Amino acid sequence: MVTAERRYGYEYLGNTGRLVITPLTDRCYRTLMSALQLHFGGAPEGPAGTGKTETTKDLAKAQAKQCVVFNCSDGLDYLAMAKFFKGLASSGAWSCFDEFNRIDLEVLSVIAQQILSIQQAVAKKLKSFIFEGTEVRLDQTCAVFITMNPGYAGRSELPDNLKALFRPVAMMVPDYALISEISLYSFGFGSARSLSQKIVATFRLSSEQLSSQDHYDFGMRAVKSVLTAAGRLKRLSLATGSKEMSEEQLVLRALCDCNVPKFLAQDSVLFQGIISDLFPDTILPASTYDFLMAAILDVMKERTLQPVPSAITKMIQLYETILVR
């Protein structure tokens, strides 16, 4: 991290997962660390799903600091933010204000003064300082980060006095293939490289060929949900010692479970064509939900409903989606 020095936080945060280090996250870490060294905040900005918040949280975990993520809205006023900043300064935690440029312009100007008073107190190495008329104990290791989605409707441009307090970082499209490959290796997949390329190709072709719908998402969040589902299936097969499904079948099952339920009828046909091209020799064994099927039929009979196959399929898809999420 170049010349930056930070005290380790020793905050127990649990044994959670870590981010895959890509050139993008590496550059973001370097910029944020050098910002902290100069007593500034960090401001990652870019489109949704590029890892702005997650990178900030992961850097906090690397230093064993609690990172409080706060989703901003236009209903926030400077009094609510003042309370937040008081707790932040006295506890030494980090905060990440998501969608910071949603806040009204008038409020942002006041927030700039509040953040400036904290940063100046940290730079002067004070033990306590006057904040909004009250004396607040100061922990030197506190930090403020903001994330922004520039150019969206309902977002305001940051005032100049606020821009001066943060170092910006441009977060662009992450490297899906590298993230998928490392994640699959960490789950225990042996052929992670070829499988990761197939996952990325599936999402790329889906975004190009399928119809445009509001609820379709082929970005990083969709890739992450498939990877999580594949990891869960792999752990299950290792725990039970089952050799029934190959690694390709596990990934194909994860792709179908995460995506098929949200597709329209005509898009389902196109998606089946895409995965049959990418996984030509892979035959997916049919899922057996005997107990669930029996329960569905019993309840439908109880409520005098007809067991139409399409309705039962949708119920099973809902169950699979719940398992994946």
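Long-range contacts dominate the count in this predicted model: residues 24 or more positions apart account for 77% of the contacts in the protein chain with a separation of 6 or more. The chain itself runs to 325 residues, 45% of which count as buried. Its secondary structure adds up to 12 helices and 7 strands, and the C-alpha trace spans about 70 × 45 × 35 Å along its principal axes. On the outside, the accessible surface comes to about 17600 Å², with 56% of that belonging to carbon and sulfur atoms. As for charge, there are 34 positive and 33 negative side chains, and the centres of the two sets sit 6 Å apart.

Helix H2 is a good place to look inside. Covering residues 52–62, H2 has 8 of its 11 residues buried, so the rest of the structure largely encloses this helix. The buried set is made up of Lys52, Thr53, Thr55, Thr56, Asp58, Leu59, Ala60 and Lys61. Quite a mix of elements does the covering, including helix H1 (23–37) along with strands E1 (41–45), E2 (67–71), E3 (94–98) and E6 (143–146). Just past the end of H2, Ala64 adopts a positive phi of about 55 degrees.

Within H2, Asp58 deserves a closer look. Asp58 has a relative accessible area of just 7%, under the 20% cut-off, so this residue counts as buried. Setting aside residues up to four places away in sequence, Asp58 touches Arg18, Leu19 and Tyr29. Two of these contacts can be spelled out by side chain. With Tyr29, the Asp58 side chain makes a polar contact at 2.6 Å. With Arg18, the Asp58 side chain forms a salt bridge, at 3.0 Å from N to O. Arg18 lies in the segment before H1 while Asp58 is in helix H2, so the pair ties together parts that are 40 residues apart in sequence. The two partners differ in exposure: Arg18 is partly exposed at 47% relative accessible area, whereas Asp58 is buried at 7%.

The Arg18–Asp58 pair is a salt bridge, and a search of the whole structure turns up 7 of them. Another joins the side chains of Glu99 and Arg102, at 3.9 Å from N to O. Here Glu99 is buried, with a relative accessible area of 16%, and Arg102 is partly exposed at 33%. Then there is Lys234 with Glu247, whose closest N and O atoms are 3.4 Å apart. Lys234 belongs to helix H8 (residues 220–240) and Glu247 to helix H9 (residues 247–259), so this pair ties together parts that are 13 residues apart in sequence. In this case Lys234 counts as buried at 11% relative accessibility, and Glu247 is buried too, with 18%.

Away from the helices, Thr141 sits in the loop between strand E5 (134–137) and E6. Despite that loop position, Thr141 is buried, with a relative accessible area of 15%. Leaving out neighbours within four places in sequence, the contacts of Thr141 are Arg6, Lys65, Gly92 and Trp94. Closer along the chain, the Thr141 side chain makes a polar contact with the side chain of Asp139 at 2.7 Å. Thr141 and Leu88, which are 53 residues apart in sequence, have their C-alpha atoms 9.8 Å apart in space.

How values were computed:
Residues are numbered from 1 along each chain as its sequence is written. This is a predicted model: local features need pLDDT of at least 70, side-chain atom pairs count only at pLDDT 80 or more; totals for chains, interfaces and linings use all residues. Side-chain values use heavy atoms; hydrogens and water are left out. Helices (H or I, at least four residues) and strands (E, at least two) are DSSP runs, numbered from the N terminus. Buried means under 20% relative accessible area, exposed over 50%, partly exposed in between (1.4 Å probe, protein chains only). Contact means heavy atoms within 4.5 Å. Accessible areas come from the Shrake-Rupley method with a 1.4 Å probe; for residues, only the protein chains shown count as cover. Lys and Arg count as positive and Asp and Glu as negative; His and the chain ends are not counted. The place of a charge is taken as NZ of Lys, CZ of Arg, CG of Asp or CD of Glu. A polar contact is a pair of N or O atoms within 3.5 Å; within protein, one must be able to donate a hydrogen and the other to accept it, and residues adjacent in sequence count only if both atoms are side-chain atoms. A salt bridge is a side-chain nitrogen of Lys or Arg within 4 Å of a carboxyl oxygen of Asp or Glu.
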